[in-house]
Amino acid sequence: MKKTDLEKNKGLKIMGQMRQAGSPSRFGVAAQAVPDRREQRKLDQAAGLVPFAVKLPQDLVTRLRERAEAEHRPLHELTAALLDAALAAPPAD
């Protein structure tokens with residue numbers, strides 16, 4: 001291998017390491033950081049939350065998001081409360 005090829009490979013290796021390193025914590029960002037996916041999954045499991053994907057019409061999702069913002073609640077809490085209330089009501093025949 002030529003010396004230029006070796007230097008090029010070193011440069012590529014350094015660039016790859018820089019991409020994987022992430023950005024440094026500044027100005028208290030680390031204090032406000034959201035847990036990564038694995039940590040968030042563990043926190044959700046400890047709280048008894050289970051992922052449950054459903055497909056809903058866009059207008060319904062928009063109304064849910066607007067109501068969650070108006071009530072200052074997370075979307076998952078509002079959805080759980082609404083489903084619980086709907087299931088607790090007697091069935092309409």
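Glycine 48 comes after helix α2 and has a positive phi, near 85 degrees. The model is a predicted one, in which local features need pLDDT of at least 70 and side-chain atom pairs count only at pLDDT 80 or more, while totals for chains, interfaces and linings use all residues. Residues are numbered from 1 along each chain as its sequence is written, and side-chain values use heavy atoms, with hydrogens and water left out.

Helix α2 itself lies largely in the open, because the number buried among its 10 residues is 0. Buried here means under 20% relative accessible area, exposed means over 50%, and partly exposed is in between, with a 1.4 Å probe and protein chains only. Across the chain of 93 residues, 4% count as buried. The chain exposes about 9100 Å², of which carbon and sulfur atoms supply 58%; accessible areas come from the Shrake-Rupley method with a 1.4 Å probe, and for residues only the protein chains shown count as cover.

The chain has 4 helices and 0 strands, and its elements run α-α-α-α from the N terminus on. Helices (H or I, at least four residues) and strands (E, at least two) are DSSP runs, numbered from the N terminus.

A second positive phi belongs to histidine 72, near 55 degrees, in a residue other than glycine. Histidine 72 sits in the loop between α3 and α4 and is exposed, with a relative accessible area of 73%.

Next come the charged contacts. A salt bridge is a side-chain nitrogen of Lys or Arg within 4 Å of a carboxyl oxygen of Asp or Glu, and by this rule the count comes to 4. One of them joins arginine 73 to glutamate 71, at 3.2 Å from N to O. Arginine 73 is partly exposed, at 31% relative accessible area, and glutamate 71 is partly exposed too, at 33%. Elsewhere, salt bridges that share partners join Lys3, Glu7 and Lys10 into one network.

In that network, glutamate 7 meets lysine 3 at 3.7 Å, N to O, and glutamate 7 also pairs with lysine 10, with the closest N and O atoms 3.6 Å apart. Glutamate 7 and lysine 3 both lie in helix α1 (residues 3-21), 4 residues apart, about one turn of the helix. Glutamate 7 and lysine 10 are 3 residues apart in helix α1, again about one turn. An α-helix has 3.6 residues a turn, so residues three or four places apart point the same way. Glutamate 7 counts as partly exposed because its relative accessibility is 40%, whereas lysine 3 counts as exposed at 61%.

The largest pocket holds about 860 Å³ of space. On a 1 Å grid over the protein atoms alone, a pocket is an open set of points where a 1.4 Å probe fits, with protein on both sides within 12 Å along at least five of seven lines; lining residues have an atom within 4 Å of a point. Grid points are joined across faces, edges and corners, and a volume is the space filled by probe spheres set on the points.

The largest pocket is lined by 25 residues, and Phe52, His76, Thr79, Ala80 and Leu83 lie nearest its centre. The elements that give two or more residues to this lining are α2 (37-46), α3 (58-70) and α4 (75-88). Helix α4 gives the most, with 8 residues. The lining divides into 15 nonpolar, 4 polar and 6 charged residues, where Ala, Val, Leu, Ile, Met, Phe, Trp, Tyr, Cys and Pro count as nonpolar, Asp, Glu, Lys and Arg as charged, and the others, Gly among them, as polar.

Phe52 also belongs to a nonpolar surface patch of about 400 Å², made with Val54, Leu56 and Leu60. Patches are made of residues with over 30% relative accessible area and no salt bridge, with like charges joined within 9 Å and nonpolar side chains (Val, Leu, Ile, Met, Phe, Trp, Tyr) within 5 Å. Leucine 60 is found in helix α3 and counts as partly exposed, at 31% relative accessibility.
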